[in-house]
Amino acid sequence: MTLQEQLQHKIDLKTKPVGALGTLEQLALQIGLIQDTLTPSLNNPSLLVFAADHGLSDEGVSPYPKDVTWQMVMNFVAGGAAINVFCRQNNINLKVVDAGVDYDFPAGIPVVNAKVAKGSRNMRREPAMTADECRAAIQKGRDLVSTEAAKGCNVIGFGEMGIGNTSASSLLMHRFLNIPIEECIGAGTGSQGEHFAKKTEILKEVSEKYNPQTPEETLAVFGGLEIAMMAGAMLEAADRNMIVLVDGFIASAAALSAVNIQPEARQKMIFCHSSDERGHQMMLDGMRADPVLHLNLRLGEGTGAALAYPLVQAAVNFLNEMASFEDAGVSNKE
Ligand SMILES: O=C(O)c1ccc[n+]([C@@H]2O[C@H](COP(=O)([O-])O)[C@@H](O)[C@H]2O)c1
Ligand SMILES: Cc1cc2nc[nH]c2cc1C
């Protein structure tokens, strides 16, 4: 029997009707395969929040001012953001990474300095990143995950903070999945009416301006520093057979970029929730992902990943601890 068959057999012999634990059964199977074992474990869970600014925000694609990016980083540091609350609740080690915020943070605060540039470039005029900047971001993401792995972490969530980053994510989705740009654009932090019409017009113009060929070029042209760093981090985690917890629309755009660079990474990814951001469900469908939660979240920061973590634990725990029909002396179906 292959490991997949053995895992399926183990799941099917638990004291429940076949399939009755639904998505948790798919998770248990996936995690067993990632760790190459019938008895997986979750160790030292971490969540990395990547923050960066976007040159395109100068064009007014977000209803919020760019300063919210650094201000929210300070809120993460103070422990007051939603992601701080949910990580504390679930004992997840949270790290905040400056991937490219347009701000000089004071020395000595617990923000990992991985700044590649003070924000990406305005893609209405030039590619968001040069090839070198994008490569540097990917590599720094990889290095950060290596550091977590060295501390015994085998399950890692990814989130982000960056005013304007739904625009970059919509463009990546459009390119990688070949979906008309209009269907990839959503409200982000709350764009509507005339504002939304303007966002749509700008993203259409940007989408027609470039014709990148490779996945790396596509990420450099349309992505952002936090998105590229997240993609690199996901690739490293996948290479190391870590469980990758993907948050919402922007984290999924990073995952989509990573999968286009290296398709084998997909198998290590758990898509934690279906965001309220228009286009996210279609992006998940494009990666054949069945998300764990449907909570109408549209926050980012990694909140969906932190909230899904207890369910990932439940999947591992039922596989390890639940009695089989034989153990419990319960009659199985004929
Ligand atoms: O994760 C999501 O699904 C999500 C959906 C909508 C907005 N966000 C967050 O909102 C910010 C980007 O929105 P915007 O309107 O500035 O492009 C960024 O900080 C994201 O973390 C996140
Ligand atoms: C306040 C605020 C918090 C956020 N967290 C992630 N994206 C955000 C965007 C805004 C505007």
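The following legends describe close-up views of a predicted model.

**View 1. The surroundings of ligand 2.** Eight positions are picked out around this ligand: Tyr64, Val68, Met72, Met161, Thr189, Leu299, Gly300 and Glu301. By character, the shell around ligand 2 comprises 5 nonpolar residues, 2 polar residues and 1 charged residue.

**View 2. Glu301, a residue of the shell around ligand 2.** The unreviewed UniProt entry places the feature "active site" at Glu301. This residue is found in the loop that connects helix H12 (280-286) and helix H13 (303-321). Is Glu301 buried or exposed? Glu301 has 29 other C-beta atoms within 10 Å; a residue with 20 or more is classed as buried, and Glu301 is therefore buried. When neighbours within four places in sequence are left aside, Glu301 is in contact with Val49, Ala81, Ala82, Ile83, Gly159 and Met161. One of these contacts, Met161, also belongs to the residues around ligand 2.

**View 3. Strand S2 and its partners.** Strand S2 covers residues 93-100, and 6 of its 8 residues are buried, so the strand is largely enclosed by the rest of the structure. Strand S1 (residues 46-52) runs parallel to S2 and is joined to it by 7 bridges. Within this pairing, Val49 stands opposite Val96 in S2. Strand S3 (residues 112-113) also runs parallel to S2, and 2 bridges join them. Here Asp98 faces Asn113 in S3. Val49 appears in the previous view as well, as a contact of Glu301.

**View 4. Ser191 in its loop.** Ser191 lies between helix H7 (181-184) and helix H8 (193-209), in the loop that links them. Because 22 other C-beta atoms lie within 10 Å of its own, Ser191 counts as buried. Apart from neighbours within four places in sequence, the contacts of Ser191 are Ser62, Pro63, Phe196 and Lys199. Ser191 and Asn44 are separated by 147 residues in sequence and by 38 Å in space, taken from C-alpha to C-alpha.

**View 5. The largest nonpolar core.** In soluble globular proteins, nonpolar side chains tend to be buried together. The largest nonpolar core of this model has 101 residues, and Met234 and Leu245 have the most contacts inside it. Helix H10 (residues 225-239) gives the most to this core, contributing 11 residues. Which residues does Met234 touch, if those up to four places away in sequence are not counted? They are Phe158, Val244, Ala254, Ala255, Ala258 and Ala265.

Notes: Residues numbered from 1 in each chain as written. Chains lettered and ligands numbered in written order. Predicted model: local features only at pLDDT ≥ 70, side-chain atom pairs only at ≥ 80, totals over all residues. Near = placed C-beta within 6 Å. Nonpolar A, V, L, I, M, F, W, Y, C, P; charged D, E, K, R; others polar. Buried ≥ 20, exposed ≤ 12 C-beta atoms within 10 Å, placed from the backbone. Helix = DSSP H or I, 4+ residues; strand = E, 2+ residues; numbered from the N terminus. Pairing = 2+ DSSP bridges. Contact = placed C-beta atoms within 7 Å. UniProt positions renumbered as here; feature names shortened; annotations may be inferred. Core = buried A, V, L, I, M, F, W, Y, C linked by C-beta atoms within 7 Å.
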